[in-house]
Structure formats: C-alpha cells, structure tokens
Amino acid sequence: MEKGSTGSAIVKSIILVVLGAIIVLGLYLLFTRNHKTPTEETYNLTVVDEITTTNLEKDYPASARKVVELYARTMQVLYKEEYSDEQENKMIDILMGIMDDELLTNNLNFASSIKSEVAGRKAEDYSISNYVMTQAREPEEINVDGRMMCTVECLFSLRHGSNGTSANYYEFIMRRDVATGNWKILGWTLKAEE
C-alpha cells in the first residue's frame, strides 16, 4: 500500500509544479504585456501639433473650401492655444503656404502683421470659439483674366472674454495657382449681414 501512496504523491507533486509554473508564466505575461519598454514613448498630438506637422507639399487641401477651413482652424489655434515661438512660426508658415503669391507680394510683412494681430487679440482676451463653412457645396468657379477663381464664405464666432460672442461673416477670394493648380487665398472681406 505504501507503493501506491508514493506514486500518488509523486503525481500530485508533478501536477502542483506544472500548475505553479503556469501561474508564474501567467503573472509574468500579465505584468510585461501592458508595460512598454523604456525606449518607447507615447505622445498625444495637440491641436497645435496637428497644424505644425501639416505638410502642404504632400497633403495640400483638395478644395477651395478645405483651404479656407485650414486657414480658419489655424487662426483659431493661434488665438486660443498656448504655443512656443517656434510653433507660432510654423503655423504662420502654413498660413503663408495657402496664400496667393500676389497677396504675399503686396504684404511683405505678412508674418509680422499676423503675429501682432494675434498678440493684440490674445491680450484683449479674444478667441475664435467656432467657425462654420456656410456653403454646403463647392463654390462656382469663374475665369477671370485666364485664371480660375471662386469665393468661399466662412462664419467666425469671435468671443471676447465673458462679454459674449459676435458673428463675423467673411468672404474669401480664392484663385488657382498656375504652377500647382492648388487653390490659394487671394484675399478676404468682411461680408455685410444679409
């Protein structure tokens, strides 16, 4: 009878060792699977990063409306968010990249004027709380002196501290670039309310 109990004890020992190994392996996998190696970094893109990492050469907005939307989003970020001088310069470079050459030629101090406008508005506690593309579809293109042009309307909601929000309708004059065929902003006007 001793022989059977010794064999039974050996089988029980083997089963306990196998179960122990499975538990240790399971705990090891549980703790190491969720932990990243020290060389891996997690980084969440901020709205500032989304603008500053825009590559207009590879991913230029596909339509006139998208160009105005990029302008509006960039201005909203410039007015509202915190950023470094380097990030501000990158965002202004994005704005300059969607402007027509004629506009930039006539405004040689475009970058500094945008910087001073934004600094003044931020100091007065203004922010662009929202913008809405008011046209449901792409605008009608017209030929002006051999160049395709169109207008795009956008509503900006400008908040002044806790004093409320005012609505400003802008009409953007767009022109296709001769070399690339991309839509560029030639100018804009404040549109009278209808």
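Select Met75 first; this residue is found in helix α3. The model on the screen is predicted, and every stop on this tour refers to that prediction.

**Met75 and its surroundings**

Is Met75 buried or exposed? Its relative accessibility is 3%, and therefore Met75 counts as buried, since the cut-off for that class is under 20%.

Next, display the residues that touch Met75. Which residues are they, once the neighbours within four places in sequence are left aside? Met75 is in contact with Leu95, Glu117, Val118 and Ile128. Then add Ile114 to the selection. Ile114 and Met75 are 39 residues apart along the chain, and their C-alpha atoms are separated by 9.3 Å.

**The largest pocket**

Keep Glu117 and Ile128 selected, and add Tyr71, Tyr79 and Tyr170. Of the 13 residues that line the largest pocket, these five lie nearest its centre. The space in the largest pocket comes to about 260 Å³.

Which elements give two or more residues to the lining of the largest pocket? They are helices α3 (64–80) and α6 (110–123), together with strands β3 (147–160) and β4 (165–176). Colour these four elements to see where the lining comes from. Colouring the lining by residue class instead shows 10 nonpolar residues, one polar residue and two charged residues.

**The whole chain**

Now zoom out and switch to a cartoon view. The chain contains six helices and five strands. Followed from the N terminus, the elements run α-α-α-α-α-α-β-β-β-β-β. The radius of gyration of the chain is 30 Å, well over the 16 Å that the globule rule gives for 194 residues, so the chain is more spread out than a compact globule. Along the principal axes, the C-alpha atoms fill a box of roughly 110 × 45 × 35 Å.

How much of the chain counts as buried? The proportion is 31% of the 194 residues. Contacts may be examined in a similar way: among those with a separation of 6 or more, 56% join residues 24 or more positions apart.

**Confidence**

As a last step, colour the chain by pLDDT. The average for the chain is 88, and 92% of the residues score at least 70. Where is confidence lowest, and where is it highest? Select helix α1 (residues 2–33) for the lowest confidence, with a mean of 81. Then select helix α4 (residues 85–97), where confidence is highest, at 95.

Key:
Residues numbered from 1 in each chain as written. Predicted model: local features only at pLDDT ≥ 70, side-chain atom pairs only at ≥ 80, totals over all residues. Heavy atoms only, no water. 1 Å grid on protein atoms, 1.4 Å probe; cavity = no way out; pocket = protein on both sides within 12 Å on 5 of 7 lines; lining within 4 Å. Points joined across faces, edges and corners; volume = space filled by probe spheres on them. Nonpolar A, V, L, I, M, F, W, Y, C, P; charged D, E, K, R; others polar. pLDDT = per-residue confidence, 0-100. Rg over C-alpha atoms; globule rule 2.2 N^0.38 Å. Buried < 20%, exposed > 50% of the residue type's maximum accessible area, 1.4 Å probe, protein only. Contact = heavy atoms within 4.5 Å.
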